[in-house]
Amino acid sequence: MSPEFPTSGSVRSAAEVNEQIRALWLRAGGTLSTQERAEYELLVVEWAAAIREEIIEAA
């Protein structure tokens with residue numbers, strides 16, 4: 001299963017990405033495989049970008 005991520009900028013909110021991160025951990029049962037770890041790392045990068053965007057919009 002290949003996750004779909006926006007190529008430039010985040011079109012999803014930080015809350016949406018955070019929910020996907022939580023779902024990944026639940027599916028994995030608390031221990032990530034190598035593939036799940038790669039997905040997690042991409043999600044964290046996307047989440048951080050979404051947080052920055054939300055902060056910029058709020059300012």
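Trainee: Where is the place of V17, and how do you know that a stretch of chain counts as a helix?

Mentor: The place of V17 is in helix α1, and a helix here is a DSSP run (H or I, at least four residues), just as a strand is a DSSP run (E, at least two), with numbering from the N terminus. The model is a predicted one, in which local features need pLDDT of at least 70 and side-chain atom pairs count only at pLDDT 80 or more, whereas totals for chains, interfaces and linings use all residues. Residues are numbered from 1 along each chain as its sequence is written, and side-chain values use heavy atoms, with hydrogens and water left out. By the helix and strand criteria, the protein has two helices and zero strands.

Trainee: Why is V17 called buried?

Mentor: Its relative accessibility is 0%, and buried means under 20% relative accessible area, exposed over 50% and partly exposed in between (1.4 Å probe, protein chains only), so V17 falls in the buried class. Buried residues make up 19% of the 59 residues in the protein.

Trainee: Which residues is V17 in contact with, and what makes a pair a contact?

Mentor: Contact means heavy atoms within 4.5 Å. Leaving aside neighbours within four places in sequence, V17 is in contact with R12, L43, E46 and W47.

Trainee: What makes a group of residues a nonpolar core, and which residues form the largest one?

Mentor: A nonpolar core is a set of buried Ala, Val, Leu, Ile, Met, Phe, Trp, Tyr and Cys residues joined through side-chain atoms within 4.5 Å. The largest such core has six residues, namely V17, I21, L24, A28, L32 and L43. The largest share of this core, four residues, comes from α1. Such a grouping can be set beside a general tendency: in soluble globular proteins, nonpolar side chains tend to be buried together. One of the core residues, I21, is in contact with Y40, L43, V44 and W47, again leaving aside neighbours within four places in sequence.

Trainee: How do you know that R12 and E46 form a salt bridge?

Mentor: A salt bridge is a side-chain nitrogen of Lys or Arg within 4 Å of a carboxyl oxygen of Asp or Glu. The closest N and O atoms of R12 and E46 are 2.6 Å apart, so the pair meets that criterion. Because R12 lies in the segment before α1 (14–28) and E46 in helix α2 (residues 34–58), the pair ties together parts that are 34 residues apart in sequence. R12 is partly exposed, with a relative accessible area of 22%, whereas E46 counts as buried at 8% relative accessibility.

Trainee: How many salt bridges does the structure hold, and which residue does R27 pair with?

Mentor: The structure holds two salt bridges, and R27 forms one with E39, the closest N and O atoms being 3.7 Å apart. This pair links distant parts of the chain, with R27 in helix α1 and E39 in helix α2, 12 residues apart. E39 counts as buried, at 8% relative accessibility.

Trainee: Why does E36 have no salt bridge, judged by the distance to the nearest side chain of opposite charge?

Mentor: Lys and Arg count as positive and Asp and Glu as negative, while His and the chain ends are not counted. The nearest side chain of opposite charge to the buried E36 is R27, 5.6 Å away, so the salt-bridge criterion is not met. E36 is in helix α2 and, leaving aside its neighbours within four places in sequence, is in contact with L24, A28 and T31.

Trainee: Which residues of α2 are buried, and what covers them?

Mentor: The buried residues of α2 are E36, E39, L43, E46 and A50, and what covers them includes α1. An α-helix has 3.6 residues a turn, so residues three or four places apart point the same way.

Trainee: What makes the span of α2 close to the expected one?

Mentor: The expected span of a helix is 1.5 Å times one less than its number of residues. With 25 residues, α2 reaches 36 Å from its first C-alpha to its last, close to the 36 Å expected.

Trainee: Why is W47 called partly exposed?

Mentor: W47, found in helix α2, has a relative accessible area of 34%, so this residue belongs to the partly exposed class. W47 touches A14, V17, N18 and I21, not counting residues up to four places away in sequence.
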